[in-house]
Amino acid sequence: MMLGYLLARAGIDVIVLEKWKDFFRDFRGDTIHPSTMNVLHALGLLEAFLALEPDRAETLGGQIGGTEITVADLRHLPAHCRFIALIPQWDFLAFIGREVERYPGFHLHMETEATDLLIENDVVRGVVASHGGRQFTIRAGLVVGADGRHSTMRDKSGLPLKNLGAPIDVLWFRVSRKNGDPERPFGIFDRGRILVMIKRRDYWQCGFVIPKGEFDGIRARGIEDFRADITRLAPILADRMQEIGDFDAVKLLSVTVDRLKTWCRANFLCIGDAAHAMSPIGGVGINLAIQDAVAAANILVPAFRRGTPALADLKAFQRRREFPTAVTQAVQVFVQNRVISRALASQGPTKVPLFLRLAQHIPALSRIPARLVGLGVRPELPDMQLFP
């Protein structure tokens, strides 16, 4: 949606295919980081976005072995918004959809699924799509695979994929919020269990982190055992556990961390999770995807004005975005393997890692994770000469 908005704003005809009838997909990433709000500010959209009244998190906290800590302090970032905006992703997508309506070159086709690539003489010429049981083709000068970590377009392209490994999965569920609950998102680590709680207006979106493949065993032990695990970690939720009626209310996110070795071929490009599936650690996936969209638009608009983007243009995009992606994934894999996996394997009280202990006494240290989460590596801004 963001790439389509930028291209349409630059006067380029765009068709966006969305296979569902609406954007309402629960348990998607719901964090809009300062890097993304910098982009919205450059485009003149920030004021309208903030008018949606997202919740704001200036700090990210945690509770490790019963000790409350501040993990990241965003209040010192060199950004227009020194906080993370918490808003359901469908609201953000709908916001971009409303803003892009003013550009006649933008066409959004709902309930339309891209099922295959149209390839002629080894060159991508468009997609095969379906809508209402009818199959048809759409020809295009460029096809962008932005269809997520299980990308059909990526699979059909034959581009080679590198799996970086993920030893964890996450069980998502929701419980109501009450007066007196904490105001900021936070995570709880203790005795081999990890729970992440993300504030929404009237409920908590909760993520229960488990070793990969353990969900079947949790289901076998029953919903009461699951509720008891959550209650031991977060006693404030004890009076709300009956809201989790059964395991139908618990959704499994199978965590994947991977990256395409080659992100493009002639007339075809992958961005976002289709190019590099991110771990949920730090909640940075949606923001890296938007950074991809901005970097791609900065390269593609001049290329379209010359004619059709060449393979060299698409490779230039990969060179631009591969380094920040690789660094971010390396940090995520380190945290998965060296912190989270060890915490899940522990049966005793969890100790606060040395860096976080130091950060409680040297507050400036909490600005380091804030920078990584809030702005990331090589944040992008639109070239406003291209997007009047």
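**Note on the predicted model: helix packing, a small set of strands and two buried residues**

1. Helix H1 (residues 2-9) packs with helix H4 (residues 89-100) at an angle of about 10°, and their axes lie 10 Å apart. The model is a predicted one. Angles under 35 degrees count as roughly parallel, and H1 and H4 are therefore roughly parallel to each other.

2. On the H1 side, Met 2, Tyr 5 and Ala 8 make this contact; on the H4 side, Phe 92, Ile 96, Glu 99 and Val 100 do. By class, the residues of the contact of H1 with H4 comprise 6 nonpolar, no polar and 1 charged. The spacing along a helix is relevant here. An α-helix has 3.6 residues a turn, so residues three or four places apart point the same way.

3. Helix H11 covers residues 367-374, and its buried residues are Pro 369, Ala 370, Val 373 and Gly 374. These residues sit on the same side of H11, because the arc they cover around the axis is only 120°.

4. What do the buried residues of H11 pack against? Their partners are two helices and three strands: helix H2 (34-42) and helix H10 (354-361), together with strand S4 (59-64), strand S5 (67-73) and strand S6 (84-86). Just after H11, Gly 376 has a positive phi of about 75°.

5. Strand S6 also belongs to an open sheet of 3 strands, ordered S2-S6-S3 and paired antiparallel. Strand S2 (31-32) and strand S3 (55-57) are at the edges with a single partner strand each, so each has one side without a neighbour in the sheet.

6. The antiparallel strands S3 and S6 are joined by 3 bridges. Arg 56 is placed opposite Ala 85 of S6.

7. Strand S4, one of the elements that the buried residues of H11 pack against, contains Thr 59. Is Thr 59 buried or exposed? Its relative accessibility is 15%, so Thr 59 counts as buried. Apart from neighbours within four places in sequence, Thr 59 contacts Thr 70, Ala 72, Asp 73, Leu 74 and Arg 75, and also Arg 184 and Pro 185.

8. Trp 172 is part of strand S13 (residues 168-176). With a relative accessible area of 10%, Trp 172 is buried. Val 209 is 37 residues away from Trp 172 along the chain, and the C-alpha atoms of the two are separated by 8.9 Å.

Key:
Residues are numbered from 1 along each chain as its sequence is written. This is a predicted model: local features need pLDDT of at least 70, side-chain atom pairs count only at pLDDT 80 or more; totals for chains, interfaces and linings use all residues. Side-chain values use heavy atoms; hydrogens and water are left out. Buried means under 20% relative accessible area, exposed over 50%, partly exposed in between (1.4 Å probe, protein chains only). Helices (H or I, at least four residues) and strands (E, at least two) are DSSP runs, numbered from the N terminus. The arc is that of the directions from the helix axis to the C-beta atoms. Contact means heavy atoms within 4.5 Å. Axes are lines fitted to C-alpha atoms, for helices over the stretch in contact, and angles run from 0 to 180 degrees between N-to-C directions. Angles under 35 degrees count as roughly parallel, over 145 as roughly antiparallel, 65 to 115 as roughly perpendicular and the rest as oblique. Ala, Val, Leu, Ile, Met, Phe, Trp, Tyr, Cys and Pro count as nonpolar, Asp, Glu, Lys and Arg as charged, and the others, Gly among them, as polar. Two strands pair if DSSP finds at least two bridges between them.
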